[in-house]
Amino acid sequence: MSTALAWRRPPAAMRRPRRLLGGLGLLLLLAAAWLAWRTLAAPAPYRYVEAAPSQAASAPALRQFNLVDAEDGKVLAEADVAAAAQGPVLLGWRAQVDDPLLYLTVPADEAQRLAAVLARHRTPEGVLLAWWDSSRQLRHGGAGEVFFDRHLGVPLFVPERWRAQQRRVVQVEQAFWGEAGDAAQRAAFGVFTRALASPENEGVALLRSLAPGRNLIVVLHLRDLLLLGQVHPDRVAVSFRDFADSGDVHRSVRGVQGWLRETGQAAYGVLKLPGNRLRVIALQDAAGADTLAARLLPVIGNRQEDVAGMTLVFRSDGFVVYELAAADPAR
């Protein structure tokens, strides 16, 4: 007698639930496909519109564009844009709603003042390293050659209401500003941000790896901490709050210190903003306060001794400029 088991067709009562489950699964797949198609086919939530030429009459080479909401036509941000061989240069960005929106640039007047200093004093053999948008501002202002000369678009502060259309947002940005650099520059910029978000010794070594054997001019702005927190949230936990600058130093200090105590911040720096405002940028834990960027920038509350190899040569507004000599090949 054979011991093989004969397969028997399940009764109809058992087949019906399986058919129902199969049909439900198909419906879910179709619904997901429809939602994905709808997201991709949806129009972009905003567009760039050039402002009237009269608004930029004082600087004819400068063009102003408004970021306009696609639904109600409201101006969400204003952008000052200059032409360059490497594509449009974002010189200024003024969000008209909650800041940050897409970009958070260094004030154009601060970049222009630093560019003039660098044009007079930097050595031609030095390689200038700064965040990509600061680099392009400084080069446009006459600071000379920079390492990052493309619009890399990192990070992009996409508001929650646009997250479902993030791909369309990226498409709009690339259509306006051009493709986000070549692969080599994007990879190098990743090394740069990892260096800033690393402990100091590791960070200095990563910076040197970008241009082996050459002296580096490292330019940072206090604003860069907010960008680092967006790019490397696992390494740099950062927050900020804007305060009214009443002109009374003691009142301003009490307000800032009260917020820092309530939120338990580890270290902080302060930027002056237009319209009599102060922006306090705070690092939430000791690990973030001990990164290379926080050690180099004017931050209060963390270790204050010098970073080995980094020589501070200039400080203006929110900017700091360091020289990093090439590593000694004998060591």
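**Pockets, sheets and a buried helix**

Modeller: Let us start with the second largest pocket, whose lining is made of 17 residues, with Arg295, Leu296, Leu297, Gln304 and Tyr322 lying nearest its centre. Please keep in mind throughout that this is a predicted model.

Biologist: How is such a space found, and how much space lies in the second largest pocket?

Modeller: The general idea is that a probe the size of a water molecule, rolled over the atoms, shows where empty space is left. In this case the second largest pocket holds about 260 Å³ of space.

Biologist: Which elements each supply at least two residues of that lining, and how do its residues divide by class?

Modeller: The elements are α10 (292–296), β10 (310–316) and β11 (319–324), while the division by class gives ten nonpolar, two polar and five charged residues.

Biologist: How much space lies in the largest pocket, and which residues are the closest to its centre?

Modeller: The space in the largest pocket comes to about 540 Å³. Its lining has 26 residues, and those closest to the centre are Trp93, Thr105, Pro107, Leu273 and Pro274. Two or more lining residues come from each of β4 (89–95), α2 (108–121), β8 (267–273) and β9 (277–283), and β4 gives the largest share, namely four residues. By class, this lining contains 13 nonpolar, four polar and nine charged residues.

Biologist: Two of those elements are strands that I would like to place, so in what order do the strands of the sheet with β8 and β9 stand, and what is the pairing?

Modeller: To read a sheet, one follows the partners from strand to strand, and here three strands form an open sheet in the order β7-β9-β8, with antiparallel pairing. Because β7 (238–244) and β8 are at the edges and have a single partner strand each, one side of each is left without a neighbour in the sheet. From one strand to the next the twist averages 20°. Between β8 and β9, which run antiparallel, there are seven bridges, and Tyr268 has Ala282 in β9 as its bridge partner.

Biologist: In what order do the four strands of the other open sheet stand?

Modeller: That order is β5-β6-β11-β10, and the pairing of this sheet is mixed. Its edges are β5 (127–129) and β10, each with a single partner strand, so that each has one side without a neighbour in the sheet. If direction is ignored, neighbouring strands are turned against each other by 20° on average. Strand β6 (residues 216–221) pairs with β11 in the antiparallel sense over six bridges, and Leu220 is found opposite Val320 in β11.

Biologist: How does one read the placing of a helix, for instance where α7 lies and at what angle to β7 it runs?

Modeller: One asks what the helix crosses and what encloses it. Helix α7 (residues 224–231) lies across β7 and β9, and runs at about 145° to β7. Since a residue counts as buried under 20% relative accessible area, one can then go through the helix residue by residue; six of the eight residues of α7 are buried, so the helix is largely enclosed by the rest of the structure. These buried residues are Asp224, Leu225, Leu226, Leu227, Leu228 and Gly229, and they pack against α5 (183–196), β6, β7, β9 and α10.

Biologist: What share of the residues in the chain is buried?

Modeller: Of the 331 residues in the chain, 44% are buried. The chain has ten helices and eleven strands, and of its contacts with a separation of 6 or more, 58% are between residues 24 or more positions apart.

Notes. Residues are numbered from 1 along each chain as its sequence is written. This is a predicted model: local features need pLDDT of at least 70, side-chain atom pairs count only at pLDDT 80 or more; totals for chains, interfaces and linings use all residues. Side-chain values use heavy atoms; hydrogens and water are left out. On a 1 Å grid over the protein atoms alone, a cavity is a set of points where a 1.4 Å probe fits but cannot get out, and a pocket is an open set with protein on both sides within 12 Å along at least five of seven lines; lining residues have an atom within 4 Å of a point. Grid points are joined across faces, edges and corners, and a volume is the space filled by probe spheres set on the points. Ala, Val, Leu, Ile, Met, Phe, Trp, Tyr, Cys and Pro count as nonpolar, Asp, Glu, Lys and Arg as charged, and the others, Gly among them, as polar. Two strands pair if DSSP finds at least two bridges between them. Axes are lines fitted to C-alpha atoms, for helices over the stretch in contact, and angles run from 0 to 180 degrees between N-to-C directions. Contact means heavy atoms within 4.5 Å. Buried means under 20% relative accessible area, exposed over 50%, partly exposed in between (1.4 Å probe, protein chains only).
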